[in-house]
Amino acid sequence: HLSETLIGLARALVEDGKIDEALAGLRRAIEVGAALGAHHPLGAIARYQLADLLDRRKAPASEIVPLLEHAVVSWDDSQVALPEAGWTKFLLAQYRWKAGDRAGARTLAAQARTTLGRLSAPYAKQAKEVDAWIAIH
């Protein structure tokens with residue numbers, strides 16, 4: 001599907017330092033991916049990657065959190081086990097913590113840990129990072 005191609009292109013653009021172009025590509029991937037359904041995993045991947053880039057750029061939470069919330073619903077609806085599902089929940093947990101929703105943040109972080117822990121060995125390090133965050137929050 002075209003949205004998958006746009007997501008891949010955005011990754012390459014990020015590697016080349018072309019962040020503005022990557023952001024535009026991810027927004028387009030979300031638009032195109034809507035034809036697959038409001039909560040398709042490709043839309044969730046695009047939303048996570050867009051939120052992650054915006055987070056790195058220090059965009060306001062009001063722009064980032066809705067992307068993450070939509071993506072979490074998509075991951076929960078689809079039950080697809082991809083690393084992005086865990087990463088999405090972990091990033092949203094951090095935003096919830098900053099907003100004062102301690103219980104919600106801990107719940108999301110635990111879900112992220114479970115998701116990442118079920119994946120192959122390369123994701124064990126990321127699961128440990130979530131564990132470390134949980135331990136101090």
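What share of the contacts in the chain with a separation of 6 or more comes from residues 24 or more positions apart? I took contact to mean heavy atoms within 4.5 Å, and residues 24 or more positions apart account for 58% of those contacts.

Before going further I noted the conventions. The model is predicted, with local features needing pLDDT of at least 70 and side-chain atom pairs counting only at pLDDT 80 or more, while totals for chains, interfaces and linings use all residues. Residues are numbered from 1 along each chain as its sequence is written, and side-chain values use heavy atoms, with hydrogens and water left out.

Entry on the fold. I looked up the secondary structure, with helices (H or I, at least four residues) and strands (E, at least two) taken as DSSP runs numbered from the N terminus, and found 7 helices and 0 strands, in the order α-α-α-α-α-α-α along the sequence. The radius of gyration of the chain is 14 Å, close to the 14 Å from the globule rule for 137 residues, so the chain is as compact as a globular protein of that length; the radius is taken over C-alpha atoms, and the rule is 2.2 Å times the number of residues to the power 0.38. Along the principal axes, the C-alpha atoms fill a box of roughly 40 × 30 × 30 Å.

Entry on the core. I counted residues as buried under 20% relative accessible area, exposed over 50% and partly exposed in between, with a 1.4 Å probe and protein chains only; on that basis buried residues make up 43% of the 137 in the chain. The largest nonpolar core (buried Ala, Val, Leu, Ile, Met, Phe, Trp, Tyr and Cys residues joined through side-chain atoms within 4.5 Å) has 43 residues, and those with the most contacts inside it include L50, L54, L68 and W133. Among the elements that give two or more residues to this core are helix 1 (2–15), helix 4 (61–78) and helix 7 (124–136), and helix 3 gives the most, with 9 residues.

Entry on two leucines. I followed L68 first and, leaving aside neighbours within four places in sequence, found L68 in contact with Y48, A51, T88, L91, L92 and Y95. I then turned to L67, which is placed in helix 4 and counts as buried because its relative accessibility is 15%. With the neighbours within four places again left aside, L67 is in contact with I30, R47, L50, A51 and L54. I also noted that the C-alpha atoms of L67 and Q79, 12 residues apart along the chain, are separated by 18 Å.
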